[in-house]
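Here are some exercises to work through with the structure open beside you. Try each task on your own before you read its solution.

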Amino acid sequence: MPVLPHPSAVAVAVAVAVAVAVLCVPACDPGDGDDAAGSGDDAATTGVTGGQNCRDETRDDEYMLGLERSGDQLTVRFIDAVPSPPARFDNTWILEILDATGTPVDDVGLEVEPYMPDHMHGASIATKVTAMEEPGQLELDPVNLFMPGLWEVRLHFTMPDESTDEVVFRFCVDP
Ligand SMILES: [Cu+2]
C-alpha cells in the first residue's frame with residue numbers, strides 16, 4: 001500500500017518536468033526580459049541542447065586563418081575555409097598537416113568525423129579528403145555541419161607506421 005503513492009508522484013514530477021521543458025522553448029529566448037529567472041533557464045537549456053546561441057558558447061575555437069590544433073604528433077593549421085568562419089551545412093576546408101618539427105607531412109591517412117557532443121551524433125554525409133599540390137595540404141569537402149550548435153570535427157590520422165593521432169576543432173554554428 002505505501003508503495004502506491006511513489007509511482008504517481010514520479011509521474012507527476014515527470015509531467016511537470018516535460019511541461020517546463022516545453023514552456024522553456026519560447027521562454028528561454030535570449031530576448032526574454034526577466035534576467036534572474038531567464039539566465040538560469042538559459043544555462044540549463046544550453047547544456048542540454050548544445051545551445052541555440054553561439055554567442056554564449058565557450059567551448060568552441062575562435063576561427064581565424066592559421067588557427068592550429070595539435071594532437072600527440074601532428075599539428076593541423078587552417079589554410080582556408082569556405083564559408084569563413086565555418087557555418088551551418090556544407091563547408092570546404094584546406095588544412096596543412098605538420099609534424100612535431102613544423103615540417104609539412106604528406107603521407108598520412110585522414111578520416112574526418114564531424115560530431116555533436118551535446119547530441120551524441122555525427123553527420124551522415126561523408127567528407128572527401130583530397131591531397132593538394134602544396135606540401136602537407138589537404139582539402140576536406142564537404143564538412144557537413146547540418147545542425148545548429150557545437151560541433152567537434154575530429155580528424156583521425158593514421159601515420160605511415162600505422163600509429164594514430166587525433167586532432168579536434170570545435171565550432172559552434174548558428175541556425
Ligand atoms: Cu545535433
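Two strands count as paired if DSSP finds at least two bridges between them. Keep in mind that this is a predicted model.

**Exercise 1. Get an overview**

Task: Find out how many helices and strands the protein has, and in which pattern they follow one another.

Solution:
- Step 1: Count the elements. You should get two helices and nine strands.
- Step 2: Read along the sequence. The pattern is α-α-β-β-β-β-β-β-β-β-β.
- Step 3: Look at how the contacts are spread. Among contacts between residues at least 6 apart in sequence, 57% join residues at least 24 apart.
- Step 4: Check burial. Of the 175 residues, 19% are buried.

**Exercise 2. Ask how confident the predictor is**

Task: Work out the mean pLDDT of the protein, and what share of its residues reach 70 or more.

Solution:
- Step 1: The mean pLDDT comes to 80, and 70% of the residues reach 70 or more.
- Step 2: Now go to residues 1-51, where the pLDDT is below 50. Leaving out near neighbours in sequence, this stretch has 22 contacts in the model.

**Exercise 3. Put a sheet in order**

Task: Four strands form an open sheet; give their order and say whether the pairing is parallel or antiparallel.

Solution:
- Step 1: The order is β5-β4-β8-β9, and the pairing is antiparallel.
- Step 2: Find the edges. β5 (121-122) and β9 (164-173) each pair on one side only, and they are the edge strands.
- Step 3: Zoom in on one pair. Strand β4 (residues 109-116) meets strand β8 (residues 149-158) in the antiparallel sense, over seven bridges.
- Step 4: Pick out one facing position: Tyr115 sits opposite Glu152 in β8.
- Step 5: Recall what holds such pairs together. Strands of a sheet pair through backbone hydrogen bonds.

**Exercise 4. Follow two hairpins**

Task: Trace the hairpins that join β1 to β2 and β2 to β3, and say through how many residues each one runs.

Solution:
- Step 1: Start with β1 (residues 68-70). Three bridges join this strand to β2, and the two run antiparallel.
- Step 2: The hairpin from β1 to β2 goes through four residues. Glu68 stands opposite Arg77 in β2.
- Step 3: Move on to β2 and β3. They also run antiparallel, joined by seven bridges.
- Step 4: The hairpin from β2 to β3 goes through six residues. Here you'll find Val82 opposite Thr92 in β3.

**Exercise 5. Hunt for unusual backbone**

Task: Which peptide bond, starting from Val82, is cis, and which residues other than glycine have a positive phi?

Solution:
- Step 1: Start with what you'd expect. Most residues other than glycine have a negative phi, and most peptide bonds are trans.
- Step 2: Check the bond from Val82 to Pro83. This one is cis, with omega near 0 degrees. Pro83 belongs to the loop between β2 (75-82) and β3 (89-98).
- Step 3: Go a little further along. Ser84 and Pro85 are joined by a cis peptide bond too, with omega about -5 degrees. Pro85 is in the loop between β2 and β3.
- Step 4: Turn to phi. Phe89 has a positive value, near 75 degrees, and is part of strand β3.
- Step 5: Met120 has a positive phi as well, about 55 degrees. Met120 is in the loop between β4 and β5.

**Exercise 6. Sort residues by burial**

Task: Are Met120, Phe89, Pro148 and Phe171 buried, partly exposed or exposed?

Solution:
- Step 1: Set the cut-offs. With 20 or more other C-beta atoms within 10 Å a residue is buried, with 12 or fewer it is exposed, and in between it is partly exposed.
- Step 2: Met120 has 8 such atoms, so Met120 is exposed.
- Step 3: Phe89 has 13, so Phe89 is partly exposed.
- Step 4: Pro148 has 19, so Pro148 is partly exposed. Pro148 is in the loop between β7 (137-145) and β8.
- Step 5: Phe171 has 24, so Phe171 is buried. Phe171 is part of strand β9.

**Exercise 7. Link distant parts of the chain**

Task: Which residues does Phe171 touch, not counting residues up to four places away in sequence?

Solution:
- Step 1: The list is Asp60, Asp61, Tyr63, Pro86 and Trp151.
- Step 2: Compare sequence with space. Phe171 and Glu62 are 109 residues apart in sequence, while their C-alpha atoms are 7.8 Å apart.
- Step 3: Try another pair. Pro148 and Val173 are 25 residues apart along the chain, with 5.1 Å between their C-alpha atoms.

Conventions
Residues numbered from 1 in each chain as written. Predicted model: local features only at pLDDT ≥ 70, side-chain atom pairs only at ≥ 80, totals over all residues. pLDDT = per-residue confidence, 0-100. Contact = placed C-beta atoms within 7 Å.
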